Amino acid sequence: QVQLVESGGGLVQAGDSLRLSCAASGRTLRGYAMGWFRQAPGKEREFVAARIWSTGSTVYGDSMKGRVTISGDGARNTAYLQMNSLKPEDTALYYCAAAREYGGDLYYLTKRIAYDNWGQGTQVTVSS
């Protein structure tokens with residue numbers, strides 16, 4: 001099992017940027033794929049981005065495409081989500097997740113079911 005802890009959330013103004021971090025412990029992230037999801041009050045958890053650690057291949061959800069970049073640092077065993085040009089509708093609890101068995105399928109990584117380890121989330125609030 002890998003344990004995940006998100007950080008970097010906060011209250012920002014529309015147009016600002018934030019970088020979220022997801023620190024992993026228990027296992028190296030080599031061999032995993034990492035994903036970021038978000039959930040606003042009263043809404044379903046929504047896919048934001050995913051990255052296959054070994055190849056660096058990425059996939060992005062439509063809601064934030066062009067404004068976010070997912071990356072990773074093997075030395076720190078940490079994944080990141082850089083978010084730019086934030087909007088009030090980006091306000092949500094942001095979760096990172098790790099997938100061990102995904103068959104190299106980027107499309108599968110857009111689904112919650114692909115992931116078996118989740119962090120507790122970090123709150124992002126964007127004011128207008």
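## Tyrosine 115 and its ring partner

Tyrosine 115 is buried in this predicted model, because its relative accessible area is 6% and the cut-off for buried is under 20%. Tryptophan 118 is partly exposed instead, with a relative accessible area of 26%. The two residues form an aromatic pair. Their ring centres are 5.9 Å apart and their planes meet at 65°, which makes the pair edge-to-face.

## The aromatic cluster

The model contains five aromatic pairs. Another of these joins phenylalanine 37 and phenylalanine 47, whose ring centres are 5.5 Å apart. The planes of phenylalanine 37 and phenylalanine 47 stand at 70°, so this pair is edge-to-face. Phenylalanine 37 belongs to strand 4, residues 33-39, and phenylalanine 47 belongs to strand 5, residues 46-52. The pair therefore ties together parts of the chain that are ten residues apart in sequence.

Both phenylalanines are under the 20% cut-off for buried. Phenylalanine 37 has a relative accessibility of 1% and counts as buried. Phenylalanine 47 is buried at 11%. Which residues do the ring pairs link into a cluster? They are Phe37, Phe47, Tyr95, Tyr115 and Trp118.

## Overall fold

The protein chain has eleven strands and zero helices. Along the sequence the pattern is accordingly β-β-β-β-β-β-β-β-β-β-β. The radius of gyration is 13 Å, close to the 14 Å that the globule rule gives for 128 residues, so the chain is as compact as a globular protein of that length. Along the principal axes, the C-alpha atoms fill a box of roughly 40 × 25 × 25 Å.

Of the 128 residues, 45% count as buried. Among contacts with a separation of 6 or more, 59% are between residues 24 or more positions apart.

## Surface and charge

The protein chain exposes about 6400 Å². Carbon and sulfur atoms supply 45% of that area.

There are 14 positive and 11 negative side chains in the protein chain. The centres of the two charge sets lie 4 Å apart.

## Asparagine 77

Asparagine 77 sits in the loop between strand 7 (68-73) and strand 8 (78-83). Most residues other than glycine have a negative phi. Asparagine 77, which is not a glycine, has a positive phi of about 55°.

Is asparagine 77 buried or exposed? Asparagine 77 is buried, because its relative accessible area of 14% is under 20%. Leaving aside neighbours within four places in sequence, asparagine 77 is in contact with Cys22, Ala23, Ala24, Ser25, Arg27, Thr28 and Leu29. The C-alpha atom of asparagine 77 is 22 Å from that of leucine 93, which is 16 residues away along the chain.

## The loop between strands 8 and 9

Serine 85 lies in the loop between strand 8 and strand 9 (92-99). Serine 85 is not a glycine, yet its phi is positive, at about 50°. With a relative accessible area of 42%, serine 85 is partly exposed. Leucine 86 is found in the loop between strand 8 and strand 9, and so is glutamate 89. Leucine 86 counts as buried at 1% relative accessibility. Glutamate 89 counts as exposed at 55%, because the cut-off for exposed is over 50%.

What is leucine 86 in contact with, leaving aside its neighbours within four places in sequence? The list is Val12, Ala14, Gly15, Asp16, Ser17, Leu18, Met64, Arg67 and Val126. The C-alpha atoms of leucine 86 and threonine 125 are separated by 9.4 Å, although these residues are 39 residues apart along the chain. Glutamate 89 and valine 126 are 37 residues apart along the chain, with 7.5 Å between their C-alpha atoms. Valine 126 thus appears twice here, as a contact of leucine 86 and in the C-alpha distance from glutamate 89.

Terms used. Residues are numbered from 1 along each chain as its sequence is written. This is a predicted model: local features need pLDDT of at least 70, side-chain atom pairs count only at pLDDT 80 or more; totals for chains, interfaces and linings use all residues. Side-chain values use heavy atoms; hydrogens and water are left out. Helices (H or I, at least four residues) and strands (E, at least two) are DSSP runs, numbered from the N terminus. The radius of gyration is taken over C-alpha atoms; the globule rule is 2.2 Å times the number of residues to the power 0.38. Buried means under 20% relative accessible area, exposed over 50%, partly exposed in between (1.4 Å probe, protein chains only). Contact means heavy atoms within 4.5 Å. Accessible areas come from the Shrake-Rupley method with a 1.4 Å probe; for residues, only the protein chains shown count as cover. Lys and Arg count as positive and Asp and Glu as negative; His and the chain ends are not counted. The place of a charge is taken as NZ of Lys, CZ of Arg, CG of Asp or CD of Glu. Rings of Phe, Tyr and Trp (its six-membered ring) pair if their centres lie within 6.5 Å; planes under 30 degrees apart count as stacked, over 60 as edge-to-face and the rest as tilted.
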